[in-house]
Structure formats: C-alpha cells, structure tokens
Amino acid sequence: MAEGVSFTRLYQSITAQPGSPIWFRNWAEEIEPTLVVLRSWDPLLIPGLLQTEAYARHIFSMEPRATPDGVKERVEARMRRQRILDRGKPPLVSVLFDAGVLHRRVGGPEVMREQLDRLLEVAAHPSVFIQVVDPDCLPGLAGPFMIAELPDGRPDVISSDAPAQAQITADLDVVTSIWERYDAIRSWAYPERISLKMIEKARREWT
C-alpha cells in the first residue's frame with residue numbers, strides 16, 4: 001500500500017470489466033498519486049499535467065454546454081493533478097506530443113507563449129522528459145493515452161481518451177497493445193534537446 005491507497009480495491013475496480021470501456025473517475029485520486037512512471041501521448045493538445053491554467057480554461061470553456069462553474073471546477077481539478085510533480089520523490093514523467101500542438105491556437109498568442117514557457121520550465125525538472133513527435137507519425141492518430149507504471153510490480157494501467165467515455169484498464173491484451181503503439185510513436189519522436197529547440201522556436205513565433 002502507498003499513500004493510503006488499497007491496491008487490491010484499485011485493481012478490482014479497473015479489472016471489473018477487462019477490455020471494456022469504463023469510466024473510472026479515480027484515476028487522478030488513486031492512480032496518479034501512486035504511480036512511479038507515467039508515459040503519455042497526445043496528438044492534439046498539450047497534456048493535462050503540463051497545461052497552464054489559462055490553456056486549460058480555454059479548452060474547457062469551449063466544451064459543449066460548458067458553464068462558468070463547471071469550467072472552474074475542471075480547471076481546479078486539473079491544477080491539483082499537477083501536484084504529483086512536486087512530491088518529495090516525484091514520478092518519472094515521459095511526455096510525447098505531436099509537433100502540430102505547438103502551432104495549434106488555444107486562447108491566443110499570450111496563452112500560447114505562457115504555455116510554451118511552462119513546457120520549457122517543466123522540462124528542466126529532472127524527472128520530466130518532453131519529446132515532440134514528427135507530424136507524419138500515423139500510428140499516433142488513433143488518439144491520446146497514458147500508461148501508468150505502479151509500484152511493487154503491480155500491473156500497468158492505461159487510460160485512453162474518447163469524447164464521451166474514457167477507457168481505463170489493466171487488461172494485459174489492451175495494455176500490451178497500447179505499449180506497442182507507444183513504442184511505434186516514440187520511434188518518430190525527436191531527441192529531447194531538439195524537441196526543446198522546437199518549443200523555443202514556436203514560442204518566438206507566437207507574437
């Protein structure tokens with residue numbers, strides 16, 4: 001057990017319907033606070049763990065039927081998730097995202113400059129690794145996902161996003177498939193030093 005989380009209860013929750021789409025709301029409360037490695041891929045946006053408040057607010061405000069209170073709650077929840085990076089022993093976080101994300105307008109130039117500054121700031125963290133992926137990477141078009149590596153040899157857990165429902169599972173076949181896709185996507189990633197230069201260049205272009 002780590003940080004008060006019952007891994008037995010957690011594992012039972014995420015394997016109750018192996019291989020089936022389920023909505024497991026406790027990813028942020030039970031999985032992220034305990035993981036030791038988080039690997040993520042996003043073809044469309046800056047990943048949530050690295051988003052600024054302004055960037056996240058604009059995304060949520062554009063959702064269908066968004067309300068001010070709802071947007072505020074979702075932004076606050078997203079900011080709380082980022083506290084895992086401030087732990088005494090933070091997890092290793094490996095982030096991949098499509099190069100087009102650097103040029104996708106979210107909230108205007110000021111928001112984008114602040115967001116790219118945030119990426120450069122977080123990239124200096126010894127446990128965070130950011131790589132930009134070549135836009136010709138077709139395996140990445142299937143959609144965003146995260147792979148959580150848990151402590152004590154527990155099974156990996158994946159979360160893959162969809163507009164209406166997220167799939168969160170530890171089913172071996174699904175996890176293996178996502179791992180294979182992650183490896184395929186990473187083969188298209190630029191080295192970190194090149195990726196950071198690309199971020200710096202994109203930041204200068206947001207004027």
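Which residues of β1 are buried on one side, and which on the other? In this predicted model, V37, R39 and W41 are buried on one side of β1, and L38, S40 and D42 are buried on the other, with both faces of the strand covered. The legends below start from the whole chain and then turn to this strand and other close-up views.

**View 1. The protein as a whole combines seven helices with six strands.** Followed along the sequence, these elements come in the pattern α-α-β-α-α-β-α-β-β-β-β-α-α. The protein has 207 residues, of which 45% count as buried, and its accessible surface comes to about 11000 Å², with 51% of that area belonging to carbon and sulfur atoms. Among contacts between residues at least 6 apart in sequence, 75% join residues that are at least 24 apart.

**View 2. The six strands form an open sheet with mixed pairing.** The order of the strands across the sheet is β3-β2-β1-β4-β5-β6. Its edges are β3 (128-133) and β6 (167-169), each of which pairs on one side only. On average, and with direction ignored, neighbouring strands of this sheet are turned by 10° against each other.

**View 3. Strand β1, residues 37-42, is largely enclosed by the rest of the structure, because six of its six residues are buried.** On one side of β1 the strand pairs with β2 (residues 92-98) in the parallel sense, over six bridges, whereas its pairing with β4 (residues 145-149) is antiparallel and runs over five bridges. The two kinds of pairing can be followed from residue to residue. V37 has L92 as its bridge partner in β2 and E149 as its bridge partner in β4. Further along β1, R39 stands opposite S94 in β2, and S40 stands opposite M146 in β4. Strands of a sheet pair through backbone hydrogen bonds, either parallel or antiparallel.

**View 4. Strand β2 is mostly covered, with six of its seven residues buried.** Besides its parallel pairing with β1, β2 is joined to β3 by six bridges, and these two strands also run parallel. One of the bridge pairs between them is formed by D98 of β2 and V133 of β3.

**View 5. The largest nonpolar core holds 40 residues, and F97, L119 and I130 have the most contacts inside it.** Helices and strands both contribute to this core: α2 (27-31), α3 (53-61), α4 (68-81), β2, α5 (109-123), β3, β4 and α7 (192-205) each supply at least two of its residues. The largest share comes from α5, which provides six residues. For a closer look at one of the residues with the most contacts in this core, I130 can be centred in the view; leaving aside its neighbours within four places in sequence, I130 is in contact with L50, V95, F97, L119, A123, E192, S195 and I199. A second core, separate from this one, has 13 residues, including L96, V133, C137 and F145.

**View 6. S159 lies in strand β5, residues 157-160.** With a relative accessible area of 4%, S159 is buried, since the limit for buried is under 20%. Leaving aside its neighbours within four places in sequence, its contacts are W27, P144, F145, M146, Q167 and I168. Among these contacts of S159, M146 is also the residue of β4 that stands opposite S40, and F145 is a member of the second core.

**View 7. The structure holds one aromatic pair.** The rings of W179 and Y182 have their centres 5.7 Å apart and their planes at 80°, and the pair is therefore edge-to-face, as planes over 60 degrees apart are counted. A pair of aromatic rings is described by the distance of the centres and the angle of the planes. Both W179 and Y182 lie in helix α6 (residues 172-186), where they are three residues apart, about one turn of the helix. W179 is partly exposed, with a relative accessible area of 23%, whereas Y182 counts as buried at 1% relative accessibility.

Technical notes. Residues are numbered from 1 along each chain as its sequence is written. This is a predicted model: local features need pLDDT of at least 70, side-chain atom pairs count only at pLDDT 80 or more; totals for chains, interfaces and linings use all residues. Side-chain values use heavy atoms; hydrogens and water are left out. Rings of Phe, Tyr and Trp (its six-membered ring) pair if their centres lie within 6.5 Å; planes under 30 degrees apart count as stacked, over 60 as edge-to-face and the rest as tilted. Helices (H or I, at least four residues) and strands (E, at least two) are DSSP runs, numbered from the N terminus. Buried means under 20% relative accessible area, exposed over 50%, partly exposed in between (1.4 Å probe, protein chains only). Contact means heavy atoms within 4.5 Å. Accessible areas come from the Shrake-Rupley method with a 1.4 Å probe; for residues, only the protein chains shown count as cover. Two strands pair if DSSP finds at least two bridges between them. Axes are lines fitted to C-alpha atoms, for helices over the stretch in contact, and angles run from 0 to 180 degrees between N-to-C directions. A nonpolar core is a set of buried Ala, Val, Leu, Ile, Met, Phe, Trp, Tyr and Cys residues joined through side-chain atoms within 4.5 Å.
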